[in-house]
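Hi everyone, thanks for coming. Could you bring up the sequence and the structure, so that we can walk through them together?

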Amino acid sequence: RRSSRQPSKSQLDAPGVKDLLDKLRNNDSDMVVLKLKKYLNDSDIAPIVMDATLDALEENTNCQALYIQNFNKAMRDDQMMHLLRVLQTPKNRTWCINIGETYNVSHKTWTKFAKGLKHTNVTHMYASEHTITPKIKDRFRDVIRENRSKHRLHIDPNNLDVIVQCTHCWWNPINAGVLQPYIRNSSYYHILFEKETLGLKGTTDGKNIDKI
């Protein structure tokens, strides 16, 4: 339930916020891989801004990857459950999410989020290990692995331009075995060896190659 007091409503008039909301509602091509920090460059934005972003995301149908990490004042229990509802809508296409560095979400909400993820298209993700328990992390990973049979966006060679941008996950989709022949013959092959680009959780040693 959102607070009736919204002293930070003026933040909605910020150019970056207005640009983001407009692009989300209009399925702008910049939204396919959405890194919120590009538009909301203040980690201390108010919950009202995240609420408006999630409302706009609910209208969006082209976002495939969502980087919504490190918004500690704006991302709380209500916003996490709102995000889950957005991801569960039939028209939502988001299959990759990074929600790391999110400290003000309760254990109960993380548990609900992990459970509800099975009703989404999310197949790849990252959440900071120090914000969730090992049990919840295992639940997340089990669910997203099972979700990989729901669609082919994460392994479709025709979606490679998006897939290579989905980094900093527990398992980066670029490591999928079925994609390797296409990657080797593409201009993206070098990315497999760039650990900084892939993120600390996306190395390419044998133990991290995703066989799915």
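Let's begin where α3 meets α4. On the α3 side we have Asp77, Met80, Met81, Leu83, Leu84, Leu87 and Gln88, and they touch Thr109, Trp110, Lys112, Phe113 and Gly116 of α4. Sorted by class, this contact holds 7 nonpolar, 3 polar and 2 charged residues. Please keep in mind throughout that this is a predicted model.

How are these two helices arranged? Well, two packed helices are described by the angle between their axes and the distance between the axes. Here α3 covers residues 77-88 and α4 covers residues 107-116; the angle is about 5°, and the axes are 10 Å apart. Angles under 35 degrees count as roughly parallel, so α3 is roughly parallel to α4.

Now stay with α4 and look across to helix α5, residues 134-147. The two axes come within 9 Å of each other and cross at roughly 15°, and therefore α4 and α5 are also described as roughly parallel to each other. The crossing of α4 past α5 is left-handed. Which residues make this contact? From α4 there are His107, Trp110, Thr111, Phe113, Ala114 and Lys115, and from α5 there are Ile136, Arg139, Phe140 and Val143. By class that gives 6 nonpolar, 2 polar and 2 charged residues. You may recognise Trp110 and Phe113 of α4, as both are listed in the contact with α3 and in the contact with α5.

Let's go back to α3 and turn to its contact with α2. Here the packing angle is about 5°, and the axes lie 10 Å apart. That makes α2 and α3 roughly parallel to each other, too. Pro47, Met50, Asp51, Leu54, Asp55, Leu57 and Glu58 of α2 meet Gln79, His82, Leu83 and Val86 of α3. The class count for this one is 6 nonpolar, 2 polar and 3 charged residues. Leu83 is worth pointing at on the screen: this α3 residue takes part in the contact with α2 and also in the contact with α4.

Next, please find helix α1, residues 15-25. Which of its residues are buried? They are Val17, Leu20, Leu21, Lys23 and Leu24. Because they cover an arc of only 165° around the axis, they sit on the same side of α1. And what do they pack against? Their partners are β1, at 33-35, and α2, at 47-59.

Just after α1 comes asparagine 27, in the loop between α1 and β1. Most residues other than glycine have a negative phi. Asparagine 27 has a positive phi, near 50°. With a relative accessible area of 29%, asparagine 27 is partly exposed.

Asparagine 70 is another residue with a positive phi, about 65°, although it is not a glycine. You'll find asparagine 70 in the loop between β2, at 65-67, and α3. Its relative accessibility is 27%, so asparagine 70 counts as partly exposed.

One last stop: threonine 167, in the loop between α6, at 160-163, and α7, at 180-184. Is threonine 167 buried or exposed? Its relative accessible area is 6%, so threonine 167 is buried. Setting aside neighbours within four places in sequence, threonine 167 is in contact with Tyr67, Asn172, Thr197 and Leu198.

That's my tour, and I'm happy to take questions.

Notes: Residues are numbered from 1 along each chain as its sequence is written. This is a predicted model: local features need pLDDT of at least 70, side-chain atom pairs count only at pLDDT 80 or more; totals for chains, interfaces and linings use all residues. Side-chain values use heavy atoms; hydrogens and water are left out. Axes are lines fitted to C-alpha atoms, for helices over the stretch in contact, and angles run from 0 to 180 degrees between N-to-C directions. Helices (H or I, at least four residues) and strands (E, at least two) are DSSP runs, numbered from the N terminus. Angles under 35 degrees count as roughly parallel, over 145 as roughly antiparallel, 65 to 115 as roughly perpendicular and the rest as oblique. Contact means heavy atoms within 4.5 Å. Ala, Val, Leu, Ile, Met, Phe, Trp, Tyr, Cys and Pro count as nonpolar, Asp, Glu, Lys and Arg as charged, and the others, Gly among them, as polar. A crossing is left-handed if the near helix is turned anticlockwise from the far one by less than a right angle, and right-handed if clockwise. Buried means under 20% relative accessible area, exposed over 50%, partly exposed in between (1.4 Å probe, protein chains only). The arc is that of the directions from the helix axis to the C-beta atoms.
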